[in-house]
Amino acid sequence: MNQIEFLLILGGKMKIGGHVSTAGGLNVAIDNAVKIGAETIQIFASSPRSWNFSEPKEEDVSLFLEKANKFAISPIFLHGVYLVNLGNSVLLEKSINSLIQHMLVASSIHAKGVIFHCGSRKSFE
């Protein structure tokens with residue numbers, strides 16, 4: 001089977017995309033998606049290696065939504081920070097707050113969900 005036959009079999013039911021950068025603003029993610037021919041994307045709403053969180057500006061959210069609609073980029077998913085650990089009582093509150101922040105951004109950009117790594121528990125005492 002060649003690539004064309006494979007794509008015809010899919011019949012447009014499966015979308016291809018990638019994790020794209022938001023460096024320069026949330027709306028830049030759509031530009032990056034268009035550059036690689038993505039139909040769906042995953043993005044970080046903030047640095048994945050920091051608890052610090054900056055809420056996106058309304059203008060950036062509006063431009064993101066406008067571009068996503070124009071280029072039919074959907075569905076969209078956010079990826080939570082790597083620091084989230086729901087199995088660690090010391091990090092639990094920070095983890096929950098981080099996930100809430102990401103869910104609020106996900107809602108504002110009409111994302112389908114937030115992907116995150118749940119973490120682990122070192123011992124079961």
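This report describes the fold of one protein chain, then one of its helices, its nonpolar core and a few single residues.

## The chain as a whole

The structure is a predicted model, and everything said below should be read with that in mind. The chain holds 4 helices and 4 strands, which follow one another along the sequence in the pattern α-β-α-β-α-β-α-β. Of the 125 residues in the chain, 33% are buried. Among the contacts with a separation of 6 or more, 68% are made by residues 24 or more positions apart. The surface that the chain exposes comes to about 8300 Å², and carbon and sulfur atoms supply 56% of it.

## Helix 3 and its two faces

Helix 3 runs through residues 58-70, and its 13 residues reach 18 Å from the first C-alpha to the last, which is close to the 18 Å expected at 1.5 Å a residue. Which residues of helix 3 are buried? They are Asp60, Val61, Phe64, Lys67 and Ala68. Because these residues cover an arc of only 135° around the axis, they lie on the same side of helix 3. The face turned away from this buried side carries the exposed residues Glu58, Glu59, Glu66, Asn69 and Lys70. On the buried side, the residues of helix 3 pack against helix 2 (28-36), strand 2 (40-44), strand 3 (76-79) and helix 4 (92-108). After helix 3 comes alanine 72, whose phi is positive, near 55°.

## The nonpolar core

The largest nonpolar core has 19 residues, and those with the most contacts inside it are Ile41, Ile43, Phe64, Ile76, Leu78 and Ile109. Helix 2, strand 2, helix 3, strand 3 and helix 4 each supply at least two residues of this core. Phe64, already met as one of the buried residues of helix 3, is also in contact with isoleucine 41. If neighbours within four places in sequence are left aside, the other contacts of isoleucine 41 include Gly18, Val20, Ala29, Ile30, Ala33, Ile73, Pro75, Ile76 and Phe77.

## An aromatic pair

A pair of aromatic rings is described by the distance of the centres and the angle of the planes. A search of the whole structure finds 1 aromatic pair. The rings of phenylalanine 44 and tyrosine 82 have centres 5.7 Å apart and planes at 80°, so this pair is edge-to-face. The pair links distant parts of the chain, since phenylalanine 44 is in strand 2 whereas tyrosine 82 is in the loop between strand 3 and helix 4, 38 residues apart.

## Buried or partly exposed

The table gives the relative accessibility of the two residues of the aromatic pair, together with that of two residues from helices.

| Residue | Relative accessibility | Class |
|---|---|---|
| Phenylalanine 44 | 16% | buried |
| Tyrosine 82 | 40% | partly exposed |
| Isoleucine 100 | 40% | partly exposed |
| Asparagine 32 | 19% | buried |

Asparagine 32 has its place in helix 2, and it counts as buried because its 19% relative accessibility falls under the cut-off of 20%. Apart from neighbours within four places in sequence, asparagine 32 is in contact with Val20 and Ser21. Val20 is also among the contacts of isoleucine 41.

Isoleucine 100 is found in helix 4. Its C-alpha atom and that of glycine 80 are separated by 9.8 Å, while the two residues are 20 residues apart along the chain.

How values were computed:
Residues numbered from 1 in each chain as written. Predicted model: local features only at pLDDT ≥ 70, side-chain atom pairs only at ≥ 80, totals over all residues. Heavy atoms only, no water. Expected span 1.5 Å × (residues − 1). Buried < 20%, exposed > 50% of the residue type's maximum accessible area, 1.4 Å probe, protein only. Arc of directions from axis to C-beta. Contact = heavy atoms within 4.5 Å. Core = buried A, V, L, I, M, F, W, Y, C linked by side-chain atoms within 4.5 Å. Areas by Shrake-Rupley, 256 points an atom, 1.4 Å probe, with all protein chains shown as cover. Phe/Tyr/Trp six-rings, centres within 6.5 Å; stacked < 30°, edge-to-face > 60°.
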